[in-house]
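Subject: Structure handover and findings

Dear colleague,

I am handing over the structure we discussed, placed just below, and after it I set out what was found. Please read the notes with the structure open beside them.

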Amino acid sequence: MSGDAATLWPRVAEGLRRDLGVRTFDHWLKPVRFADYCSLSGVVTLETVSRFSANWINERFGDRLELAWRQQLPAVRSVMVRGGAAAEDRAASLAASPLPSFDTPAPAVPAANPALLGFDPRLSFDRFVVARSNILAANAARRMAMVEAPQFNPLYLCSGTGQGKTHLLQAIAQDYAATHPTANIILMSAEKFMLEFVGAMRGGDMMAFKARLRAADLLLLDDLQFVIGKNSTQEELLHTIDDLMTAGKRLVVTADRPPAMLDGVEARLLSRLSGGLVADIEAPEDDLRERIIRQRLAAMPMVDVPDNVVAYLVKHFTRNIRELEGALNKLLAYAALTGTTVDLTLAEDRLAENVRTARPRITIDEIQRAVCAHYRLDKSEMASKRRVRAVARPRQVAMYLAKELTPRSYPEIGRRFGGRDHSTVIHAVRTVEALRIADSELDAEIAAIRRALNS
């Protein structure tokens, strides 16, 4: 049976190459070879030349590999890619073997801009579904990638997580590279910017760090909120932006909130970021969410998903696109790996936990308002310096709930409570935790506030 399965690998690879794009396939999956198939366990084993590549493929393409194999061989239950010494020995013996033969030759692909190595060709403008909630950001991103100088520079994209900011960053980079083949394009997270900056400072290599960034024709920085409170990093980022703007270079920045709401960011940096165009991406409307699902399903013609299942996904996954696509992937993977038909009963059963976690998250501002309403305080008291018990205890309760109900860190919570130190927040959380055990009245008050927040 292993030999029969081996003959299917070229067809599986052909489908993957078509779905993932030539560049991604050639970079990661082209070196992969068929190793074995166990008919008893239903496990397909593939090999590649290094453990790093194997781990990356398993993590990033594991579900897609399983679906592709399942379409060719329904008995397949899972796919494992292994790497390392054994795979390297086998790869050496197969070095002279021809690659899988595809029925339709791939069109010639022009030499890729080296700056785009590792970019995902699926994250293109053509695959970005546009609607009222994101049309400003999408059109501004397209302008940023054009040959002509953009009307607004820098471009600042802001939205909650999973709304398409990173998709637009990659689309800008890939379109810009197509029209500027020799351009120097740098896309990095703000956190990576900070880590590289600190590493350059400690290693005495600041000149090289500065030169690399200032040589960029297009600089794209993702998740700017992660440099909040890092004064030295902000100063270097400010100088980088000034130099790029003066040289007529292009800059795109993303964050999870508008510049004016980035507490702990220097005023000069906020001024630079606000000086171009700030484009919000709002929560996706029903029509957009449905169109995204339909687009995904159109790429998988062998998968049958009824309209009522699509409607179920659209109704329950409203917060962001990433959760919506994750729910769809989970449903399709389960159906493919178990041989189950996709219907509404399966969706309700397998996605129940996802639906619970997809409910809108509570914000620190909402917590502060709810606590102040319960204790009859003005919201300004949350940031005030007053330490009287009637103010200090509700403030501690609000800090405690902020840590319990939001993903914000101690320093972020402290900044939302009048710029308090993280140690103050830790003390408040521990104090309230202890009081909830000893004081039943306070415990009931906190439970009431939580009910109000969840209603």
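Two strands are taken to pair if DSSP finds at least two bridges between them, and the sheets below are described on that footing. Please keep in mind throughout that this is a predicted model.

The first sheet

Five strands make up an open sheet in which the order is S5-S6-S7-S4-S8 and the pairing is parallel. Its edges are taken by strand S5 (185-189) and strand S8 (277-280), each of which pairs on one side only. On average, and with direction ignored, neighbouring strands of this sheet are turned by 15 degrees against each other. As general background, the strands of a sheet pair through backbone hydrogen bonds, either parallel or antiparallel.

Within this sheet, strand S4 (residues 155-158) runs parallel to S8 and is joined to S8 by four bridges; one pair that can be named is Tyr-156 with its bridge partner Val-278 in S8. Two helices belong in the same picture. Helix H6 (residues 165-179) lies across S4, S5, strand S6 (218-222) and strand S7 (250-255), and runs at about 170 degrees to S6. Helix H7 (residues 190-202) also packs on the sheet, where it touches S5 and S6, and the direction of H7 makes about 95 degrees with that of S5.

The second sheet

There is also an open sheet of three strands, with the order S1-S2-S3 and mixed pairing. Strand S1 (33-38) and strand S3 (78-82) stand at its edges, and because each has a single partner strand, one side of each is left without a neighbour in the sheet. Here neighbouring strands are turned by 20 degrees against each other on average, again with direction ignored.

The mixed character can be followed strand by strand. S1 pairs with strand S2 (residues 43-47) in the antiparallel sense over five bridges, whereas S2 and S3 pair in the parallel sense, also over five bridges. S1 and S2 form a hairpin with four residues between them, and in the turn Gly-42 has a positive phi of about 75 degrees. Across the S1-S2 pairing, Arg-33 has Glu-47 in S2 as its bridge partner, and Asp-36 stands opposite Thr-45 in S2; on the S3 side, Val-43 stands opposite Ser-78 in S3. S2 is also mostly covered, with four of its five residues buried.

Two residues looked at individually

Which residues does Glu-381 touch, once those up to four places away in sequence are set aside? They are Arg-386, Val-391 and Arg-395. Glu-381 is found in the loop between helix H16 (364-375) and helix H17 (389-405). Because buried means under 20% relative accessible area, Glu-381 counts as buried at 13% relative accessibility.

Leu-270 is found in helix H10 (residues 267-274). With a relative accessible area of 17%, Leu-270 is likewise buried. Leaving out residues up to four places away in sequence, Leu-270 touches Pro-259, Leu-262 and Val-265. The C-alpha atoms of Leu-270 and Pro-258, which lie 12 residues apart along the chain, are separated by 9.6 Å.

The protein as a whole

The secondary structure comes to 20 helices and eight strands, and the C-alpha atoms fill a box of roughly 80 × 55 × 45 Å, taken along the principal axes. Of the 455 residues of the protein, 45% count as buried, while the accessible surface comes to about 22,800 Å², of which 53% belongs to carbon and sulfur atoms. Among the contacts with a separation of 6 or more, 76% are accounted for by residues 24 or more positions apart. As for charge, the protein has 60 positive and 55 negative side chains, and the centres of the two sets lie 3 Å apart.

With best regards

Definitions and conventions. Residues are numbered from 1 along each chain as its sequence is written. This is a predicted model: local features need pLDDT of at least 70, side-chain atom pairs count only at pLDDT 80 or more; totals for chains, interfaces and linings use all residues. Side-chain values use heavy atoms; hydrogens and water are left out. Axes are lines fitted to C-alpha atoms, for helices over the stretch in contact, and angles run from 0 to 180 degrees between N-to-C directions. Contact means heavy atoms within 4.5 Å. Buried means under 20% relative accessible area, exposed over 50%, partly exposed in between (1.4 Å probe, protein chains only). Accessible areas come from the Shrake-Rupley method with a 1.4 Å probe; for residues, only the protein chains shown count as cover. Lys and Arg count as positive and Asp and Glu as negative; His and the chain ends are not counted. The place of a charge is taken as NZ of Lys, CZ of Arg, CG of Asp or CD of Glu.
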